[in-house]
Amino acid sequence: MALTPEQARQLAFEELTKAGIVITEEEKQRMEVTDFGLGMLEKIGLQVVIYVNNDRYCAKELYMLPGQICPEHRHPPFDSNPGKQETFRCRKGTVYLYVEGEPTPNPKGKVPEGMEGVFNVWHEIVLKPGEQYTLAPNTLHWFQAGPEGAIVSEFSSSSRDRFDIFTAKTEREIVDEF
Ligand code: ZN
């Protein structure tokens, strides 16, 4: 049976707590659970706690279900800003991060059948707990949790997610914070 957003939120809360990451009740309640409008939360989606997001910086905690994917996107420039620059630090589990560059032969990441066309970058970066990677603004990226799920801390410049450009266009505008 498919997980409901409420179940995903509860699971994320429990897994973060187990990892020693304290989330307040208020933060739990406003945790974003997004399926990016694609209707397959367990395969493509994210659970996100936003600690802070202002016009200068942003910090988030991401919990990813086993094998869950954040779909391919980039953060375009706006006004005089070059676009969001972000650093992902793996806290628990394994994250397979895909960025522009030479495609990695036999990548660990697996995308849902029929969706191969909306995942174009295949240069693989494997992040284990304690490892981090910084993405240049306006470059395509996507990532997937390993089989045990993952916890990822995200540090970035301001998050203006409504401007993000996704390779997989969805029927509704993606305005959720993540
Ligand atoms: Zn991003």
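What share of the contacts in the protein between residues at least 6 apart in sequence join residues at least 24 apart? The figure is 72%, where a contact means heavy atoms within 4.5 Å.

**Before you look.** This is a predicted model, so to speak a computed picture: local features need pLDDT of at least 70, side-chain atom pairs count only at pLDDT 80 or more, and totals for chains, interfaces and linings use all residues. Residues are numbered from 1 along each chain as its sequence is written, and side-chain values use heavy atoms, with hydrogens and water left out.

**View 1. The whole fold has two helices and nine strands.** Follow the sequence and you meet the pattern α-α-β-β-β-β-β-β-β-β-β. The radius of gyration is 15 Å, close to the 16 Å that the globule rule gives for 178 residues, so the protein is as compact as a globular protein of that length. (That radius is taken over C-alpha atoms, and the rule is 2.2 Å times the number of residues to the power 0.38.) Helices here are DSSP runs of H or I with at least four residues, strands are runs of E with at least two, and both are numbered from the N terminus. The C-alpha atoms fill a box of roughly 40 × 40 × 35 Å along the principal axes.

**View 2. Here is the outside of the protein, with about 8800 Å² of accessible surface.** Carbon and sulfur atoms own 52% of that surface, worked out by the Shrake-Rupley method with a 1.4 Å probe; for residues, only the protein chains shown count as cover. Of the 178 residues, 49% are buried. Buried means under 20% relative accessible area, exposed means over 50%, and partly exposed is in between (1.4 Å probe, protein chains only).

**View 3. Two cysteines, C70 and C90, sit buried.** A search of the whole structure turns up zero disulfides, a disulfide being a pair of cysteine sulfur atoms within 2.5 Å. C70 is in none, and its nearest cysteine sulfur, that of C58, is 13 Å away. C70 has a relative accessible area of 1%. For C90, the closest cysteine sulfur is in C70, 15 Å off and too far for a bond. The relative accessibility of C90 is 0%.

**View 4. P105 lies in the loop between β5 (86–99) and β6 (123–127).** With a relative accessible area of 65%, P105 is exposed. P105 and W122 are 17 residues apart in sequence, and their C-alpha atoms are 8.6 Å apart in space.
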